Amino acid sequence: MKLCIVIASAAMASAITLQPPLGKYGVATSVMELVDTSRNDPYAPKQEHRRIMVSAYYPATSLKNCQPLTVPYMPPATAAVHDTMYADFGISNGTFGSFQLSTCAFNRKDRSRGSTKFPIALFSPGLGNTRLMYGAMAQSFASQGFVVITMDHPYDAAIVEYPDKSIALAANISTDAEIEKNLYVRRQDVSFIINKLHDRSIRQTLFHDIADTKSLNKILMFGHSLGGATAAAAMQTDHRIAAGVNMDGRFFDSSMPNNTSSPFMIMSREGHNITSDPTWAPAWSKFTGTKLFVSLNNFTHGTFTDLPLLADALGTPGSEYEVIGEILGAVEGKRADEIVNGFVGQFFDFVRGVSKDLLPRNMTKEFPEAVVLDKQIRKQCN
């Protein structure tokens, strides 16, 4: 396969730097381990507290004042596991370890000149996925003016790598009953992280405490696949979450046990809709407030991850995407990133009251890939 040859040869380079986002802000990133001493990890082979890795992506400076820094896309053990996971697609050893994010150093002087305080958005990954497989997307979203916190769910992700070099490998979570149990654990993870963000020292360490403190009780949340169901489930029990987005994830019984008036959005791949997914119609009817359902042509389930952006960085031409179309879809990485973050950002801005438009302006012209399947706007009482 031509694509496999391109990928394998490109991976020979010592470093492959992903193109930085072109939003309003230069973005910095940090990593932190948070330990929930109130509960033991139900999946750990021995009794231990739940240990959650998070990454923060946040506006660090104006774009023109960016002092460039490169950071590894993944730590070594995580990168090696992903080389193995994608070996059948021509990924050679060392490929994931060669990726770097192009970030900016935090500029306190630059930040202090502006009065902007940024909203906080949490992100939950799909079942089996590390938070790091969405790092470039999260960085791009942050460049629009959000503090984005991505989280791992230990023993759910294929691998979670901790600062002390210990690792947590995925447990066997595959049946609906096991996933329902996992959703309960994920929901606890989300509330724990929100609790920790109320600690100023945590905010200072993660993102120099540049977020709007009012947003701590109006958290925005989005997620891919099971992460989308996690956003819905967490909204049910933690009312500090003001709005949610599900990126192409099915729902489960515990996702939406009750009606909610909190704003919610579904973004789906082509062909994935209320008719084709029996879990979506019952859940969708329980969102009684502002809601938006958008389908994206030429997207697959994997298009909502960083994989298309990684393929772009490897120099894979768009015409070759059909070779692994089941994973990447037929949309190049930069374009997929523009579409996803454009719609999610606009939805969150509408919910926050900083935009009067639920949909991006000139949507038909600027985003011809998007099809609105359902839309409902309900006035919120603040």
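Just over the halfway mark: 57% of the 382 residues in this protein chain are buried. Keep in mind that we're looking at a predicted model. Here's a quick tour, from the overall build down to the nonpolar cores.

**Overall build**
- The chain carries 13 helices and 14 strands.
- Its radius of gyration comes out at 20 Å, close to the 21 Å the globule rule gives for 382 residues, so the chain is as compact as a globular protein of that length.
- Lay the C-alpha trace along its principal axes and you get spans of about 55 × 50 × 45 Å.
- Among contacts with a separation of 6 or more, 74% link residues 24 or more positions apart.

**Surface and charge**
- About 16100 Å² of the protein chain is exposed, and carbon and sulfur atoms supply 51% of that.
- Positive and negative side chains number 36 each, with the centres of the two sets 11 Å apart.

**Nonpolar cores**
- The largest nonpolar core has 58 residues, and the members touching the most others are Phe-96, Met-133, Phe-222, Val-245, Phe-343, Phe-347 and Phe-348.
- Helix 12 (residues 333-352) puts in the largest share of this core, with 9 residues.
- Take Phe-343: leaving aside residues up to four places away in sequence, Phe-343 touches Met-265, Met-267, Val-294, Leu-359, Pro-360, Met-363, Phe-367 and Ala-370.
- Apart from the largest core lies another one, made of 42 residues, including Met-151, Ile-210, Trp-280 and Trp-284.

Terms used. Residues are numbered from 1 along each chain as its sequence is written. This is a predicted model: local features need pLDDT of at least 70, side-chain atom pairs count only at pLDDT 80 or more; totals for chains, interfaces and linings use all residues. Side-chain values use heavy atoms; hydrogens and water are left out. Helices (H or I, at least four residues) and strands (E, at least two) are DSSP runs, numbered from the N terminus. The radius of gyration is taken over C-alpha atoms; the globule rule is 2.2 Å times the number of residues to the power 0.38. Buried means under 20% relative accessible area, exposed over 50%, partly exposed in between (1.4 Å probe, protein chains only). Contact means heavy atoms within 4.5 Å. Accessible areas come from the Shrake-Rupley method with a 1.4 Å probe; for residues, only the protein chains shown count as cover. Lys and Arg count as positive and Asp and Glu as negative; His and the chain ends are not counted. The place of a charge is taken as NZ of Lys, CZ of Arg, CG of Asp or CD of Glu. A nonpolar core is a set of buried Ala, Val, Leu, Ile, Met, Phe, Trp, Tyr and Cys residues joined through side-chain atoms within 4.5 Å.
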